[in-house]
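Biologist: I have the sequence and the fold open on my screen. Can you walk me through it?

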Amino acid sequence: MTATTYLQWVADGQPWKPATPVADLRDTLQRHGFTVYVLGDESHQKAQPPEDHVPYSHTPWPGKQPYPYVLAMDVMPNGDLSLDKLGAQLVKDKNAGVSGVHGLKYLNWTDSNGNCWHESWQPKHARESSDDRGHLHLSWRTDFVTSTSAAGYDPVARVKGIDVALTDEEWASLQIAAYRIKAIQDNTPTIVYGVNARTKKPFHATEPNELAVALAAQAKAIEDLKNAGTSVVLDPATLKAALLDPQVLAALGAATAGALAEYHLSKE
Ligand SMILES: [Zn+2]
């Protein structure tokens, strides 16, 4: 069923989920220390008319309310940046056509002079006075409900000038590097390229982890030497010192380090 009132929503078991740009920007802002609320409290839920903090909003735009998605968020003033600066950046980016905020419907925010604004783009940019103070309210367009356009958009980094506007290709390269590093850390023989966090699409690719493969071959060679009873001339002190270096140990991985440790390293 599609609930359109509070009572119908309660009867339906109170389902809800954040719209994709709401979830993406919420995650980004949470990383910067902000508390972000999506589903409204009881006063929002029972409000007449119900607005965008509930999945049965009566104020969707430009399409119908995509039940049970919630298309609004409140950002509280406890993050790495003051809300007047964050609000100003969102307005600037929306007006400049930055894709991360293409889906923004309106914003309630208070500027650095203490003026509170209801700033909307439905579709034309309009600004009027508001009394929705104390937090930043964002409402999103219904046609962006599952859009990934806000993934990777970081208004805090943009204010601080530390945003590196990566192309999709550069973003993919970074993700691939992250999957490689993970495979090296875990010493897994195969690198599995999972999902691109920006596009949410899988890479559909795997690759051998050459380091893990080489280390496994080395461990096997040492094991074979040991089993063959061959006398190998090594400087035990040097070898032991090298292997006890925590960075070397981490790079070699548990299996290889274990095999080497077994190889009479204590015999000096
Ligand atoms: Zn709100």
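Modeller: This is a predicted model. Let's begin with β8, which is mostly covered: five of its five residues are buried.

Biologist: Which residues of β8 point one way, and which the other way?

Modeller: L136, L138 and W140 point one way. H137 and S139 point the other way. All are buried.

Biologist: Is there a general rule behind that?

Modeller: Yes. In a regular strand the side chains alternate between the two faces of the sheet.

Biologist: How many bridges join β4 to β8?

Modeller: Four, and the two strands run antiparallel. M73 has L138 in β8 as its bridge partner.

Biologist: And how many join β5 to β8?

Modeller: Four bridges, again with the strands running antiparallel. There, Y106 stands opposite S139 in β8.

Biologist: OK, zoom out. What is the strand order in the open sheet?

Modeller: The sheet has six strands, in the order β2-β4-β8-β5-β6-β7, with antiparallel pairing. The edge strands are β2 (36-37) and β7 (125-129). Each of those pairs on one side only.

Biologist: What does β2 do at its edge?

Modeller: β2 pairs with β4 in the antiparallel sense, over two bridges. V36 stands opposite V75 in β4.

Biologist: Now the other side. How many residues sit between β5 and β6 in their hairpin?

Modeller: Five. G114, in the turn, has a positive phi of about 85°. The strands run antiparallel and are joined by five bridges. L107 has E119 in β6 as its bridge partner.

Biologist: And β6 with β7?

Modeller: That is a hairpin too, with three residues between the strands. They pair in the antiparallel sense over five bridges. W117 stands opposite S129 in β7.

Biologist: Which strands does α4 lie across?

Modeller: β4, β5, β6 (116-121), β7 and β8. α4 runs at about 150° to β5.

Biologist: Let's talk about the core. How many residues are in the largest nonpolar one?

Modeller: It has 35 residues. Those with the most contacts inside it are L71, V75 and L107. The elements giving two or more residues to this core are α2 (20-31), β3 (69-70), β4 (72-75), α4 (83-96), β5 (104-110) and β8 (136-140).

Biologist: You mentioned V75 before. What is V75 in contact with, leaving aside its neighbours within four places in sequence?

Modeller: L29, F34, V36, L83, L86, H135 and L136.

Biologist: What share of the whole protein is buried?

Modeller: Buried residues make up 27% of the 268 residues. The protein has nine helices and 10 strands.

Biologist: And what share of the contacts with a separation of 6 or more comes from residues 24 or more positions apart?

Modeller: 61%.

Biologist: New topic, α6. How far apart are its end C-alpha atoms?

Modeller: They are 27 Å apart. Helix α6 (residues 168-186) has 19 residues, so at 1.5 Å a residue it should span 27 Å, which agrees. Just after α6, N187 takes a positive phi of about 55°.

Biologist: I was looking at I181. Is that one buried or exposed?

Modeller: I181 is exposed, because it has 11 other C-beta atoms within 10 Å, and the cut-off for exposed is 12 or fewer. I181 lies in helix α6.

Biologist: How far is I181 from N209?

Modeller: They are 28 residues apart in sequence. In space they are 9.9 Å apart, C-alpha to C-alpha.

How values were computed:
Residues are numbered from 1 along each chain as its sequence is written. This is a predicted model: local features need pLDDT of at least 70, side-chain atom pairs count only at pLDDT 80 or more; totals for chains, interfaces and linings use all residues. The expected span of a helix is 1.5 Å times one less than its number of residues. A nonpolar core is a set of buried Ala, Val, Leu, Ile, Met, Phe, Trp, Tyr and Cys residues joined through C-beta atoms within 7 Å. A residue is buried if 20 or more other C-beta atoms lie within 10 Å of its own, exposed if 12 or fewer, and partly exposed in between; C-beta atoms are placed from the backbone. Two residues are in contact if their C-beta atoms, placed from the backbone, lie within 7 Å. Two strands pair if DSSP finds at least two bridges between them. Axes are lines fitted to C-alpha atoms, for helices over the stretch in contact, and angles run from 0 to 180 degrees between N-to-C directions.
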